[in-house]
Structures are given as C-alpha cells and as structure tokens.
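Please look through the sequence and the structure below with the bound ligand in mind. The paragraphs after it may be read alongside the display.

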Amino acid sequence: MIVHGYFRSSAAYRLRIAMNLKGLGYDFRSIHLRKGDQRSDAYTALNPQGLVPTLETDDGAVLTQSLAIIEWLDETHPEPALLPKDPVGRARTRAFAQVIACHVHPLQNLRVLRYLKTEFGQEQDGLDAWCRHWIAPSLAACEALLASGPGTDFAFGDAPGLAEICLIPQMFSAERFGLDLAPFPRLRALRERCEALPAFDDAHPSKQPDAEP
Ligand SMILES: N[C@@H](CCC(=O)N[C@@H](CS)C(=O)NCC(=O)O)C(=O)O
C-alpha cells in the first residue's frame, strides 16, 4: 500500500497510527503541504480535495478522508478491532472521533489559517489564538466524554481504537498552537498510555522520513 502524507498533518498521523496498530507496512510518498504539493495536478488527480492523507491499496483503489480509510482498514483487516463490538460503544467511539475530526480539525487546517493570514491580516500569534479558541472546548468535550465512558484502560475498551487515533494527533497539534493541556487530566493520562505503545510512538511526526525541526 502507498500512503501519501505529511509528517505534521494530524489526519495523516491518524492513518499512520491505524496502519501501525494493524501491523501493516506501507510505502510513503511525501506531500509537502507548506510547499504546496497538495495542489499539484498529479496529486489532485488522486485526491480532488488536495488534502492528505490518501491511501492507494494493493488492488489499486485510491481512498481519501482519514476516517473513511481507517474504517476500510478495519473492515479489511479486522484484528485488532478499532471499534467496540457493541453498537452503543461504536456510536460513542465515532462521536468522540467526530468531535475532533468534524469540529476541531477543519478550523485549524493549513488552508484555513492561510486564508486568515492573507485575507484578514492575521500574524502567527493571531492564528495560534484562533486555533486555541476552537480546540479548547472540543478537548473539554472529549474530557467529559471520557469521564462518562466505560472506565476501561482506553477510551472505549481495553485497547486503543478510533478515539485514540483521533485524539493523540489533536493533542500534538494543540501543543503546537500553545494550548495548555493541564485542564484535561483524563486526556493526558490516556495519551501517556497510548504513547507508551510502539504503534503510536512510531507514528509520531518527529519520527517520519519527511520530518523537519
Ligand atoms: N477530513 C480530512 C481532512 C484532511 C486534511 O484537512 N488534511 C490537511 C492536513 S491535516 C491538509 O491536507 N491540508 C492541506 C491544506 O490545507 O492545504 C481527513 O480526515 O482526511
């Protein structure tokens, strides 16, 4: 399989964790977002949104949108499962993931920040404040969802799954934008458990072949 990604992209980071949890190897193609590779004709032919990640399967299918790709991985490589077996647990896990993927992530995307900069004259401080403003309440919601969860070692079971796959990259981004994570003790403890696992550690942006300081 081929993963098109970028070391600092949190959506690509999600996919790397999922591939690692499933024990799947892949070839990596770097799409340098700051240099604009995502807007090249060659890349938009694969991913018409011009976003990473994109996965090319061994059968030649081209898949986009990290959550759709991760659910495809879970369907085609069922062990270890990334969603609980029971329907309520599955719905709660997806809800947790969607707080991050649908509500926080789009507001901190590079093209959104670039627009705020070029059209609204925001400098880096303003962009960071914008991101913190939108990330904090969603992490607070995730903290509350964990508090009312099943009380297992991981968010919705005894092993990490889709919730952690979305959360850990989002916490990494939150820190990049200068958000203090102290008000989220449950999330921080969960992150510590995840980052002790090679699947998460190996997926960290700093460990990718295209990593930059
Ligand atoms: N919902 C999409 C989001 C993908 C996305 O927004 N990727 C970002 C990086 S995290 C990107 O490619 N940004 C490029 C840009 O904004 O130009 C997914 O989950 O795959």
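What follows treats the surroundings of the ligand and then the aromatic pairs of this predicted model.

A natural place to begin is the ligand, which sits in the largest pocket. There are 15 residues around the ligand, and those that come nearest are Gln38, Val52, Gln65, Ser66 and Asn109. Sorted by class, this shell is made up of 6 nonpolar, 7 polar and 2 charged residues. Two helices, H1 (10–21) and H5 (110–120), each supply at least two residues of the shell, and H1 gives the most, with 3 residues.

Several side chains place polar atoms beside the ligand. Serine 66 has a polar side-chain atom 2.6 Å from an oxygen atom of the ligand, while a polar side-chain atom of glutamine 65 lies 2.7 Å from a ligand nitrogen atom. Arginine 14 likewise has a polar side-chain atom that lies 3.1 Å from an oxygen atom of the ligand. On its own the ligand has 520 Å² of accessible area, of which the protein covers 91%.

Turning to the aromatic residues, the structure holds 5 aromatic pairs. One of them joins phenylalanine 96 and phenylalanine 156 in an edge-to-face arrangement, with 5.8 Å from centre to centre and 75 degrees between the planes. Because phenylalanine 96 lies in helix H4 (residues 87–104) whereas phenylalanine 156 lies in the loop between helix H6 (124–147) and helix H7 (162–176), this pair ties together parts that are 60 residues apart in sequence.

Note on methods: Residues are numbered from 1 along each chain as its sequence is written. This is a predicted model: local features need pLDDT of at least 70, side-chain atom pairs count only at pLDDT 80 or more; totals for chains, interfaces and linings use all residues. Side-chain values use heavy atoms; hydrogens and water are left out. A residue is near a molecule or strand if one of its heavy atoms lies within 4 Å of it. A polar contact is a pair of N or O atoms within 3.5 Å; within protein, one must be able to donate a hydrogen and the other to accept it, and residues adjacent in sequence count only if both atoms are side-chain atoms. Accessible areas come from the Shrake-Rupley method with a 1.4 Å probe; for residues, only the protein chains shown count as cover. On a 1 Å grid over the protein atoms alone, a cavity is a set of points where a 1.4 Å probe fits but cannot get out, and a pocket is an open set with protein on both sides within 12 Å along at least five of seven lines; lining residues have an atom within 4 Å of a point. A molecule sits in a cavity or pocket if more than half of its atoms lie within 2 Å of its grid points. Helices (H or I, at least four residues) and strands (E, at least two) are DSSP runs, numbered from the N terminus. Ala, Val, Leu, Ile, Met, Phe, Trp, Tyr, Cys and Pro count as nonpolar, Asp, Glu, Lys and Arg as charged, and the others, Gly among them, as polar. Rings of Phe, Tyr and Trp (its six-membered ring) pair if their centres lie within 6.5 Å; planes under 30 degrees apart count as stacked, over 60 as edge-to-face and the rest as tilted.
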